[in-house]
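Welcome! Take a moment to turn the model around on your screen, and then let us walk through some of its features together.

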Amino acid sequence: MLKRLLYLLKFYLVIIALFVVAKFVFMLACGEGLSVADYAAVAYHGMSLDLSTALYFLILPYLLVLVSLWVKVPRFAYLIYNGVVALVSSLAFVADTSLYPFWHFKLDASCLQYLETPTEAMASVTVWYLLGRLIIFLVVALLIFIAISLIHTRFQPLRHRLLATLGVLLLAGPIVIGIRGGLGESVTNIGQAYYSQNQFLNHAAVNPVFSFLSSLDKSDSGVIVYHYMSDTECRQLTDSLYYTDSHGADTLLTTRRPNIVLIVMEGCGQQFTQVGGHPDITPRLNGFMQQGVTFSQCYANSWRTDKGLVSILSGYPALPATSIMKSPEKSRKMPSLARSLQRAGYENTFYYGGDINFTNMRSYVLGTGYHHLCTKSDFSREEQSSCQWGVNDEMMFRRLLADIRAQQPDRPWMKTLLTLSSHEPWDVPTRVLDDEVYNAFHYLDHCLGRFIDALRQTPAWQNTLVVILPDHGYRYRDIDESTRLYNHVPLLWVGGAVRQPAVVSRLCNQSDLAATLLGQLAIAHEDFRFSRDVLSTSYRRPVAWHTSTDFLSLYDSTGWMAYNLDAATITAHQGSDPQRLLRLASALLQLASEDLGAK
């Protein structure tokens, strides 16, 4: 009996030791300027999650020990389980450490979506990178397997089985309580590992296996309804924020039926423009801010392309753990800028140089009013490999310009281009700036500038509106979710159809583009519940908000705040009343999630 209990204790302690070692490796690989005290603090504050997660791994050994009291359990049963534990643990550790520099959050179930389109998932890295990670994964799995297998002892059935069985069964209670995290109302959760203002240290403390398991019920395929307050209070806080009509809006355009070019720039937030203190990265974009209509206080709704694109094209706010684009049964019920224009006689084309099936983009685009697609498959094999993600921006802009020149003038049209070169691994064909990230955005800016210059020389220019904005911002250097600049994005209207240069300084979201543009075209937008015409006189409470996997942010005339959903704390704010902003942000998240859940 004692041997069995010692085996379970050793197994449990070995798993915990593996978790701690994995934390240290994670910090060495992904962190900078860390002290010994940081390593100790991460190990200490992350221990509660490690203790709980290790108990999940202990369940099957516990059952095998229980069975072994009555019959002989063959050694290979333990070895098979040891192999499974080794493979699962190694995969979690290596994936977490490898993905964090790209994602800047802990491993969760959102990574599963990339298995549907592995080509796109691998576009950010090289073959050698993947091969290296595969070797590391196998080596780590082997070492874990050896470590666990060394503690195994052969067990024989006992004589006093009933008494021993009762003793082992009594362990079930502590195991269940340990997994739950105690007997209190609060159960084990990611937030209990958070302890620092440095988000990297908080993330390092979180167990990647627990992070993944806890996110399975929050995967992109489902809708989580957030409930923070009564429906009455939620309505009281949000009723005056949204409206579905336009009144007395200034006319920014020379025509009610301009042709429209909508350019969605991959990751190009204001941090890469003169607004972010970098006039040399995107000089053409900076120049366009002086030539057209600039919405100077526009903020992204989310941090990912599939979510940002839905915000732009459907005027719908992004939610932390739900991808509307990946849920056709939801996205087909969304309003759509393309569909509204289609009803007004527009012909719509969508351009993307990558795999259009990525994150279910094809289904969403075709289901929301686009007549034609121009994608990676429409180019030669050589052009398809011009960058890791597919066809580079220069070639896509060239195709877009050619199609505009060939467009028949018998009906108005909208052409939407989603760029991709300003994305990891930053493999663009020119090298102007030393920093590879800045250089990639400079390349995007160069391609955009050349396109606008060429379009200006065509007959189509005089009746064309070019709308320029990104899908989201980008975490880089000191810019992350806890900084206001991260979500601040450029929104520009240029082209011959723009009446005169202007600056619109009202706070707004990407999701407000649809109603604002349709308002200028005198097209009804009552089906866009969460998109506001920011030029309308009825827009009296300017507010913008943003969500990501672990953050909720809100901006209004009094200031802003960033709230960490996992740690349940306000991590940064400006203004005198961040709690009021948090309450409003919570109400908006509740309102939007309930609306989506009901679709």
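## Before we start

One definition will help with what follows: Ala, Val, Leu, Ile, Met, Phe, Trp, Tyr, Cys and Pro count as nonpolar, Asp, Glu, Lys and Arg count as charged, and the others, Gly among them, count as polar. Please also keep in mind that this is a predicted model.

## Two enclosed spaces

How many cavities of 30 Å³ or more does the structure hold? There are two. The largest cavity encloses about 70 Å³ of space. Around this largest cavity you will find Phe19, Ala22, Lys23, Phe26, Phe93, Asp96, Thr97, Lys106, Asn207 and Pro208. Sorted by class, this lining has five nonpolar, two polar and three charged residues. Helix H1 (2-30) and helix H3 (75-103) each contribute at least two residues to the lining of the largest cavity, and the largest share, four residues, belongs to H1.

The second largest cavity holds about 40 Å³ of space. Its lining is made up of Asp306, Lys307, Val310, Ser311, Tyr316, Pro317, Ala318, Leu319, Thr322 and Ile324. Here the classes come to six nonpolar, two polar and two charged residues.

## A buried lysine

Ile324, from the lining of the second largest cavity, is also one of the contacts of Lys330. You can find Lys330 in helix H13, which covers residues 328-331. Is Lys330 buried or exposed? Its relative accessible area is 11%, and because buried means under 20%, Lys330 counts as buried.

What does the side chain of Lys330 reach? One partner is the backbone oxygen of Gly597, at 3.4 Å. Another is the backbone oxygen of Lys599, which the Lys330 side chain reaches at 2.5 Å. Setting aside neighbours within four places in sequence, Lys330 is in contact with Val223, Ile324, Leu596, Gly597 and Lys599.

## The nonpolar cores

Now look for the largest nonpolar core, which has 80 residues. Leu341, Phe350, Met361, Trp493, Leu513 and Leu554 are the residues with the most contacts inside this core. Which helix gives the most to this core? That is helix H21 (residues 578-597), with 10 residues.

There is also a second core, separate from the largest one, with 43 residues. Leu8, Leu58, Leu66 and Val73 are among them.

## Backbone details in the loops

Three places in loops are worth a visit. Start with Pro425, in the loop between strand S6 (413-418) and helix H18 (436-456). The peptide bond that leads from Glu424 to Pro425 is cis, and its omega is near 10°.

Next comes Arg477, in the loop between strand S7 (464-470) and helix H19 (484-487). Arg477 is not a glycine, yet it has a positive phi of about 55°. With 58% relative accessibility, Arg477 counts as exposed, because exposed means over 50%. Finally, Ala522 sits in the loop between helix H20 (513-520) and strand S12 (544-547). Ala522 is not a glycine either, and has a positive phi of about 60°. Ala522 is exposed too, with a relative accessible area of 55%.

Note on methods
Residues are numbered from 1 along each chain as its sequence is written. Side-chain values use heavy atoms; hydrogens and water are left out. Buried means under 20% relative accessible area, exposed over 50%, partly exposed in between (1.4 Å probe, protein chains only). A polar contact is a pair of N or O atoms within 3.5 Å; within protein, one must be able to donate a hydrogen and the other to accept it, and residues adjacent in sequence count only if both atoms are side-chain atoms. Contact means heavy atoms within 4.5 Å. A nonpolar core is a set of buried Ala, Val, Leu, Ile, Met, Phe, Trp, Tyr and Cys residues joined through side-chain atoms within 4.5 Å. On a 1 Å grid over the protein atoms alone, a cavity is a set of points where a 1.4 Å probe fits but cannot get out, and a pocket is an open set with protein on both sides within 12 Å along at least five of seven lines; lining residues have an atom within 4 Å of a point. Grid points are joined across faces, edges and corners, and a volume is the space filled by probe spheres set on the points.
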